[in-house]
Each structure stands twice: as C-alpha cells, then as structure tokens.
Amino acid sequence: MGVITRSLSPVNLSTRHTLRVLKRSLVCPTMRFIRPTLHPLFLLTLAGVGSVLAVELQEQPEYRAAQQALQDGLPAVAAIKAARLMAEAPAKSTERQTLATLAVESWVRAKDGIAALKVMQQEKIANQAYWQAQALFLNGDLEGAEKLLSERVNEDQAPSLERLLLAKISLKNGHEAQARVVIQPVLKSADPEMARRAKQIEDELNALEGKSAPVVTKEVTSNQEASTLLLQAESLVQLDKQIEAQSILRRLLASKGGGERAHHAAAVLLADSYLHQKNLTKATEALVQFLDNTLESEAWSPAFDLLASCLEETEKGLPPPDATLRWISEGNTVQKESLTTLPSTSTFQGHAMLLLSRWLVFQGRQMEALGMLEAVIQLHEGHPQSDEAMRLALETYSSLKIDARVSSLTDQWRNRFGSSGSSMVESVSAGTAFKRGDYQQACELFQTAANLATTLAERRSALYNAGASALRAGEMALYQSMLGQLQVASAETALPSQDGSIDLDLDSTLELAAKGRPEAEVALTRITQKQPPHPRAIEAWLALAELAILRVPADFSLADKAFKTAESWPGITEAQLQRALNTRLWQLDRQGQLKALTEVGADFLSKWPTANLAAQVRMKVADAFFRLENFAAARTEFELVAKNHPTSPYADTALYFAGMSAMSMMSDEGRASAITLWQAVAEKKGPLSMAARQQQALAKRRGGQEAEALKMLDALLKETTLSEEAQRSLTCEKAEILMLLGKEDVLQLNTAIQVLQEALHVDDLPYKWRARLGYTLAVALNSAGRGIEALEACYDVVKSTGFTGPADPAEFRWFYRAGFFGIELIEAGKQWEAAALLAETLAQSKGDRASEAKERATKIRLEHFLWDGKK
C-alpha cells in the first residue's frame, strides 16, 4: 500500500505496519507431529526463564546487549556475549550463574546443543534439567533427554515447564501414552500460558489418535488464517483490486475467529481501500465506526492518521466528524459506557485532539490548533503521538514567528526525546535565531541540524544555511568551512570621493555588508539610486551583487543587474573589473553552471595571467573541471597554480589536488604521477603533508603493492602529531590492507582482526568510527570463518547500546553496510525471522536505504510466511 503522504499527516499502512496489530496474538495453530524432524522443541520460556537477575549485570551495556540480541532472534550473538561476560565474572557468583544460564539458553535457541552442554559441564545454571534435556534433544539423544526428565517427574521434582518438554519428547519417541499422562497436572495449572500449551499437546495427541477431524467451514477459525487473509487483502489493495480486497476484509470482520487485533487491522485496511477508491464518505464512516467502538487498540494511530487524510481530501470548508468533539471530552462510546475510568480513554482523547489540531492547521486556523496541541503536549505526556504533536506545534509556532514558545518547546523536545528526529527542531530553532539576528547561535544550530539530517539534501541545505549564518556573524573561517571556497574578494581601493560625508556613508555601508548585517542591502540599494551617481557607487553595486548571491535564497536577477551596471560603469578600473568577474565565478558555481564557469575563468586568465586574483581564479577553474570529471584538465590547472604561484596559499592545496586528479584518471601513469606529486607535498611538511603520505599509501594499495602500502601506513601511525580522526582513518586502512594480504596469509588476517578489536575498545569512540571499524571487523571475522562473531560485530553496529540512530551521511553509510551484511549472514543461517527483524530495524531509520530495507523485510516475510512478528 505504501506511504500516503498528505499535508495533514503522513499515513503508513504498509503490510508490516498494518499487521503489527497482530503481534503475539496470531500464533501458529498446533502443528501435527512429524517424528523424523529434529529441531529444537518449542521453547516454552521467555528470554531468561529461571535466571537469577543481578542488579549489577543489568547496569552493564554488554549484558543488556546480549538480552536484546536474544530478543531480536540472534541467540548465537547473545551466547558469545554472555560467555565473554561469564569469563570475567567471579567463580560461583550469582552473576556468573545468571550469565551461564543466559549462555546455555542462547546456545539452545541457536540449535547448538554441543555448546550448551559444554557450558553446563563447567557451570551451574538455573533450570539445569530443563536446559540439559533441550541440549540432549538437539544432539539427537532423545532417549537420554526423555530419561532425564522422566526421573524428575517420577521424583515429583519436575515443574510444569519440564513436564511440557517431556511430553513433546515423548511424542517424538512415539510414547503417546506417557505424553498424555505427563501433561494431566499441567492442564489444570493456574498459569494460563502453561495450561494453554498443555492443551495444544493434548489436541495433537487427539489428532494422532483420530479423535478429532477437521471441520470444513468458511468461518475464519484460526489466527494463521486471519493473517493470511489480511496479507491477501493487503496485496489486492496495492494492486488496486479494491472490490476483491473488500470482500476478503468483510468476511474476516464478519467472522468470530482470527482474534481482536486481526479484526482491528481489517477494519483500518477496509477504510484505506475505500480511500483508494476516492470514496471519502465510506472511508470516513468506516473509521468513525471502528474508532467509536474499540475499547483499546494498537490500530488507533494508523486509523486516526488515515482519518486525517480523509479530512484533507474533502472540501476545505467541511468540518471533521461530529464524534470528534465528543471523543475529546469523554472518549468513545464504549469507553463512556464503562463503569470505571480506563487508561485507554486518555490515550484516545489525545488522538482525537491531535486529529482536530491537524484539521485546524489545514484550515489555516493556527492559533486554535496551537491551543489544542498545547493540551496534547501538556496533558498527554507519553502519548504514542506526542512527538507528532510537538513537531506540528513547533512548525506552527515558527510560521507565526512566536520565537519564545519555539525556544521553550525545543528544550522540551530535547529533554523528552533526546536527539531523535530533532533535525527539524534544530532547523526551526536556527531559523528563529537567524530572524532575530543571533547569527552565531543560528550557525551552531544549523550545524547541529546538518549532523542530525536524515537525507543528503537536507544536510546540504542545513550546511548552506550554517555558512550563510557564519557570514552574517563575521565568522569567515567557519563560513569557508561550511561552503567550501565560497568567498568574496575584499574591495580594492577605489576612486576618492569629493564629498567626505558621502564617503563616510559608503564606507560604513560597505562595512555593514562585510559583516553580513541585514540592513546592508537596503543601504547599498539607497546609495546606488542616488543622483547624480557617486564616483564610488560601483563599489556598492559590486557589494550588492555579492549579497544577492549570498542571500537565502539567492537573487540571481539582482546579481545580474548589479554586474551589468558595474561592468558598464564609466571609468571602471581594471581591479574592479577583475573583482566583478571573480564574483561572477561564484555566482556560476552557485547556479551549478560549471562549464560556463571554466569559460569565464579562462577568459579572465587570458586577460590577466599575473593578476592578484589569478591563483584564486585558476583554483576555481580547476575545481570546476574536477567536479565535471575532466580530470586531465583539472590536473593541468592545479599544476599551473603550483608552478606559477609557488608562494600562494593555494600552492600546496593545488599540488595535492593535482595528485587527486591524476589518480582519478584510473591509469598506471596517472597513479605513478599522483605518487610523485604527493611526495612533493609531503616533502614540504606543510598542513597537507600527512594527507599526501596517506594518499600515497592508498595509491600503492590500488596498484597491488599492499606490502609497501602497509609499511607507509605503519610509518604514519607512529607520528606523534596525528589527530585522532587521522589515526582512526589510517587504522581502518591498515586493517583493510591486512585483510587483502590475509587472502594468502591467514596470520595477516588474524592481525587485521586484532588491530580492529583494539581500535574498537577505545572509550568514547564516535559512532562513525565505531560503525566503520565494526563493519570492517565483521568482514574480517567472516573471512576467517568466524561467522557468529562477524554477526555480533554487525549487530553491535546496528543495535549499539545507547545508540539513537545515524546522524550524518558517513554514519548512515556504515550503519547500512553493517546492517545489510548482518542480514546476509543471518539469511545464510536460515534464521528468517531474525533477518526480517534486523531489516525492519534498518527500515526504521531515516536514511536513503530505509525503503530498501523495508522491501527486504517484506520480501523475507512473504517468502517465508512470517506474519506474526517476533516469536
């Protein structure tokens, strides 16, 4: 069905999202017994049954990570984490027993009975008989497992858990009579879960003995059937076969079976099908009926989102359903009829208030909407959609320029949600700061927004705004850092004025322009319009062109007008004409007209090859050629800068990028030339010396000279002046080269693993490097045949303790690489549910591969019939 995006709210009713309401309630029906199959018996425990939990362990991130891995369907990862912690725990301690129990349970769930028994031979664990029987069964020793548990039952020491396990093993061994006797006490258990599972075994026994026969009926009788019908309907809606989809959904809604959650999902999907048909009346009626008659439902959020979309599709003057105000004041009909106040009523009221707020914003009634949004934020803290309410409030307050409340809500957002989804928050706050003239704070906030951006386009926009703010704040170094080489040459000395007061006015205005003050543009325009024209008015025109280019958004028509006036100015000096052409280069760059930039730059250099701006102009031309991937021309221009302007501050940079251009030509000659050029940079021992040596190593590596490249990297790593960033980058490259050498020499591969593990153990390692090192470690471990450890390394990248999600393109790159590699490893082990869960974790991110991950998860679930989420 995809994502239905409308201005009221985004609605996501994808297969995974719609069927989420079925989690845990739609379990598979009792399967008929097949004796030859050897797989772990149904594990009756939830994670960690029998574990003696220690407070100290719960405080350890690695222990929590092991528990999470087990919950995520990656028991082998949980097992090696638990084993690693167990080795560090004091002998015979409660912590060690807890860890040993977790390790054994994990190995059993990973279907590795040998590893589980090995731990039990060395450690004491909780529920030892139960787990030992599970391990024996996994190893094919069914008789040994049955004997162990039978002795426990005969001694009246077996709890319900062990009796159920014995019954299943007895079934496997063909001892149906014993299985029936063993489960009798459990059928009467006060624990409904134990009794339910015992009843499943009894049903299986009855089926084997022919005491029951399937009844053919059109009634939906099982959760599995309901799940299948929902999936079929979902597919039909996507294929725009709405009549067929609606027929299936009505059948499901009319049945008594399938479970409440399945019925709720069907009701919402039916409304969405009506919406696909543009039948807004029916869709709205179906949603109102569903919402007004459900005491509590996990489908409320998608239902209200869908209802908001219906409202926007209707005529703008039409009001929301009559029930909306009643829902806000007293909840829905069934909640109102309840004799007690239900917690779900408050949640439902919050949904209704947010619905009305969205509609009011859509109607242009922002102040009324804000009153409702404030009520959601203040009265319904912890509501499932409180983040959406705060987001909408922030955007609305910002549009109304109510800066004080924007600032307050921003702080509240950070306190409540941390950095989650706060790129929008930081951008709104930055815009507010910019409007009030606090450019320093605006720059900082735009930088934060860039780091938290979820797309490359969003990040580029935030970085550009940060650069504009830095210019207004007079932070030229920071401005250049944000916007690359975008800078404006300072004014050359111009003709003297006959009127000292006018000169003073012009000088103060130009100073305002240099500082990026907002009033500068108005003042410059005033000066350019004075009659008769002041002799120095050309300076105002040039400054006005520069400001027009820097404006957000840029005003290129004003810049063109300013350039045309300046270039035709009577008596324009050569220096002023050079400045105008140089500034036009920046305009062409901003407009993306790189070919035109090279032509204008070439014209400048042919006229003034020795001008003060020549080095800067040639650098700009070389940069344009590089971005156009004309690397031969780029190399020539960069080398000319270094040759013709050796004392210029651009000389080393030009030489360095000449090497980059030569390397990009993808030829042996180009690589050799690049190494020579970088050697010249390295010998100068300037700021780019280290970077040049690093590039030399990379060039050697690409040329198949891994051993020489490794020596160069080792020499660099011994430098005491290396920054942490450079050291980490070189460490990664060293490991990658060792991995290449490891294809022929396993010792080199083991060295690479050791290097990476040591680098990962550094305290407070930034996520970007933790992710890159972790992914590289996973590849190395897999190459060494240590697949489980490789999977653990991927898992640690994606589900790192305390990790709130990637914040910039570099983090997203390694996050996705590790995640998708982890999925491949899990799929190789045929752990389909765990693979789908990991794919869904990636899909919840905000990066450019989230949709790919969502499709991967859906594909896995479709191909392997996984409808119910986590088991």
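How are H32 and H33 oriented relative to each other? Some notes on this predicted model follow, starting with that helix pair.

1. **Helices H32 and H33.** Helix H32 covers residues 594-607 and helix H33 covers residues 614-627. Their axes lie 9 Å apart, and the packing angle is about 150 degrees. Since an angle over 145 degrees counts as roughly antiparallel, H32 and H33 are therefore roughly antiparallel to each other. As for handedness, H32 passes H33 in a left-handed crossing.

2. **Alanine 614.** Staying with this pair, have a look at alanine 614, which is placed in helix H33. Is alanine 614 buried or exposed? Its relative accessibility is 0%, so alanine 614 counts as buried. A useful distance to check from here is the one to glycine 601: the two residues are 13 apart in sequence, and their C-alpha atoms are 9.2 Å apart in space.

3. **Asparagine 630.** Moving along the chain, asparagine 630 sits in the loop between H33 and helix H34 (631-644). With 33% relative accessibility, asparagine 630 counts as partly exposed, because that class runs between 20% and 50%. Which residue is 34 positions away from asparagine 630 along the chain, with a C-alpha separation of 9.5 Å? That residue is serine 664.

4. **Methionine 666.** The loop between helix H35 (651-664) and helix H36 (668-684) contains methionine 666. What is the phi of this residue? Phi of methionine 666 is near 55 degrees, a positive value in a residue other than glycine. The residue is also exposed, as its relative accessible area is 71%. You may like to view the backbone of methionine 666 together with the loop that holds it.

5. **Helices H36 and H37.** Here is another helix pair for your list. The axes of H36 and helix H37 (residues 689-702) come within 8 Å and cross at roughly 160 degrees. By the cut-off of 145 degrees, H36 and H37 are therefore roughly antiparallel to each other. The crossing they make is left-handed.

6. **Helices H40 and H41.** At what angle do the axes of helix H40 (residues 746-760) and helix H41 (residues 767-783) cross? They cross at roughly 155 degrees and come within 9 Å. That makes H40 and H41 roughly antiparallel to each other. Again the handedness is worth adding: H40 passes H41 in a left-handed crossing.

7. **Aspartate 764.** The loop between H40 and H41 includes aspartate 764. This residue has a positive phi of about 55 degrees although it is not a glycine. Is aspartate 764 buried or exposed? Aspartate 764 is exposed, because its relative accessible area is 77% and the class begins over 50%.

8. **Glutamate 824.** Helix H43 (residues 809-828) holds glutamate 824. At a relative accessibility of 45%, glutamate 824 counts as partly exposed. Where it sits in relation to alanine 835 can be given in two ways: the pair is eleven residues apart in sequence, while the C-alpha to C-alpha distance is 7.9 Å.

9. **The second largest cavity.** How many cavities of 30 Å³ or more does the structure hold? There are three, and the second largest has a volume of about 40 Å³. Its lining consists of Asp72, Leu74, Tyr795, Lys799, Ala834, Leu837, Leu838 and Thr841. Which element gives the largest share of this lining? Helix H44 (residues 832-843) does, with four residues. Sorted by class, the lining has five nonpolar residues, one polar residue and two charged ones.

10. **Histidine 264.** One last stop is helix H14 (residues 260-276), where histidine 264 is found. With a relative accessibility of 10%, histidine 264 counts as buried, because anything under 20% falls in that class. Histidine 264 and alanine 303 are 39 residues apart in sequence, and the distance between their C-alpha atoms is 9.5 Å.

Note on methods
Residues are numbered from 1 along each chain as its sequence is written. This is a predicted model: local features need pLDDT of at least 70, side-chain atom pairs count only at pLDDT 80 or more; totals for chains, interfaces and linings use all residues. Side-chain values use heavy atoms; hydrogens and water are left out. On a 1 Å grid over the protein atoms alone, a cavity is a set of points where a 1.4 Å probe fits but cannot get out, and a pocket is an open set with protein on both sides within 12 Å along at least five of seven lines; lining residues have an atom within 4 Å of a point. Grid points are joined across faces, edges and corners, and a volume is the space filled by probe spheres set on the points. Helices (H or I, at least four residues) and strands (E, at least two) are DSSP runs, numbered from the N terminus. Ala, Val, Leu, Ile, Met, Phe, Trp, Tyr, Cys and Pro count as nonpolar, Asp, Glu, Lys and Arg as charged, and the others, Gly among them, as polar. Buried means under 20% relative accessible area, exposed over 50%, partly exposed in between (1.4 Å probe, protein chains only). Axes are lines fitted to C-alpha atoms, for helices over the stretch in contact, and angles run from 0 to 180 degrees between N-to-C directions. Angles under 35 degrees count as roughly parallel, over 145 as roughly antiparallel, 65 to 115 as roughly perpendicular and the rest as oblique. A crossing is left-handed if the near helix is turned anticlockwise from the far one by less than a right angle, and right-handed if clockwise.
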